[in-house]
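Trainee: I have a new structure to look at, and I would like to learn how to read it. Could you walk me through it step by step?

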Amino acid sequence: MTCEISDAVVLITGAGGEVGHGLIGRLSAAGRRVVTLDLQPLAPALAEGVAAEYTGTILDGDLLARVFHAHRVDAVFHLAALLSTSAERDPQHAHRVNVEGTLALLEQARQSGERHGHTVRFLFPSTIAVYGLPSRAVKQRSGRVSEDTFTQPTTMYGCNKLYCEHLGRYYARHYRQGAAAGLVPALDFRGLRFPGLLSADTVPSGGTSDYAPEMIHAAAQGQPYACFVGPDTWLPFMAMPDAVDALLQLEQAPQASLTRTVYNVSAFSASADACARETIEVFPLAHITWSPDVRRQGIVDTWPADVDDSSARRDWGFSPAYDFRCTFRDYLQPAVTARYARRS
Ligand code: AKB
């Protein structure tokens, strides 16, 4: 059976998560046919923008095969993953989902590309967790870390994501050494190392950078928040709309302009204390205290305070719209306020 071009779809795994919320809306608004896969059914409002919804795990090989045989998948946004804190609670399960699940998806996408005679673009959200700064002093001294330094992750999640970056590069450039034989690869793998993400639409779970969004959503509900890292904890962050924009920009970038398969992206670096002060500025009812968790503090202390994203800005025009203050005042304050007003 030949697939009509109208059968071309974009597959989003982990579509119900924090990035998926924004991505589904943007892709369907751009006229793209979206197919989703998530452990849980999508919220009804999200499902409206979707051509087909599959509920299940990426570890279900039969389900993946069914998806790729029912649709001509032109692009994959692989968001399904266990984040850093969740992965430390069950490292073996995290490895199955984050690595074996990703390998299974890469293989299905490759086979689909070969079957339909086209190259499938595979967008992979990696993370600042692939970095492992050896001490707070080195973290403080290192400032903006570039992609090829300090890649010695200390978490299962960071190890998983770094290895999958290499898997993606293998599939795109070296699969069975096909490139040497002059074969066109069936996969075009492109990755972004996301910093902490600040979303108005969802409260993340299972991450170690979650303290920033958690304090904002607690403040908007007038709830007290005990921050699980100390005030002098620095990380890079970006607003969720910029993260979704970055994924879409990278997907559309001409292959010839890309000098890397994986890029750093970020909008600003901030301390937990600065996030708390800005939260109180926009949500005066905020009541934020400090209750560092030794293990989670230990994780973020190995992550860079900031990243060098000059390659992304040069190669494909990455340019975040929201800086620190705009993220809180122009994006989070109105959107989070509206979210909880609807719920009250
Ligand atoms: C996490 O905290 O695990 C994620 C990440 C930084 O990749 N938000």
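**Reading the rings and the fold**

Mentor: Happy to! Let us begin with a cluster of rings: Tyr-211, Phe-228, Phe-237, Phe-268, Phe-324 and Phe-328 are linked by ring pairs. Keep in mind that this is a predicted model.

Trainee: How many aromatic pairs does the structure hold?

Mentor: There are 13 aromatic pairs. One of them joins Tyr-170 and Tyr-171, with ring centres 5.8 Å apart and planes at 90°, an edge-to-face arrangement.

Trainee: Is Tyr-170 buried or exposed? And what about Tyr-171?

Mentor: The idea is to look at relative accessible area, where under 20% means buried and over 50% means exposed, with partly exposed in between. Tyr-170 has 31%, so this residue counts as partly exposed. Tyr-171 has 7%, so Tyr-171 is buried.

Trainee: Which parts does the pair of Tyr-263 and Trp-316 tie together?

Mentor: First, the geometry: Tyr-263 and Trp-316 make an edge-to-face pair, 5.8 Å between centres and 85° between planes. Tyr-263 sits in strand S11 (residues 262–264) and Trp-316 in helix H12 (residues 310–316), so this pair ties together parts 53 residues apart in sequence. Tyr-263 is buried, at 0% relative accessible area, and Trp-316 counts as buried at 8%.

Trainee: Now the whole chain, please. How many helices and strands does the protein have?

Mentor: You can count 13 helices and 14 strands. To see how the chain is brought together, look at contacts between residues at least 6 apart in sequence: 77% of these join residues at least 24 apart.

Trainee: What does the radius of gyration tell me about the protein?

Mentor: Here you compare a value with what a compact globule of that length would have. For 344 residues that would be near 20 Å, and the protein has 20 Å, so the two agree. Along the principal axes, the C-alpha atoms fill a box of roughly 60 × 45 × 40 Å.

Trainee: What share of the residues is buried, and what does the protein expose?

Mentor: Of the 344 residues, 54% are buried. The exposed area is about 14,600 Å², and carbon and sulfur atoms supply 52% of that.

Trainee: One last feature: how many positive and negative side chains are there?

Mentor: For charge, look at both the counts and where each set is centred. The protein has 31 positive and 36 negative side chains, and the centres of the two sets lie 2 Å apart.

Key. Residues numbered from 1 in each chain as written. Predicted model: local features only at pLDDT ≥ 70, side-chain atom pairs only at ≥ 80, totals over all residues. Heavy atoms only, no water. Helix = DSSP H or I, 4+ residues; strand = E, 2+ residues; numbered from the N terminus. Rg over C-alpha atoms; globule rule 2.2 N^0.38 Å. Buried < 20%, exposed > 50% of the residue type's maximum accessible area, 1.4 Å probe, protein only. Contact = heavy atoms within 4.5 Å. Areas by Shrake-Rupley, 256 points an atom, 1.4 Å probe, with all protein chains shown as cover. Lys, Arg positive; Asp, Glu negative; His and termini not counted. Charge placed at Lys NZ, Arg CZ, Asp CG, Glu CD. Phe/Tyr/Trp six-rings, centres within 6.5 Å; stacked < 30°, edge-to-face > 60°.
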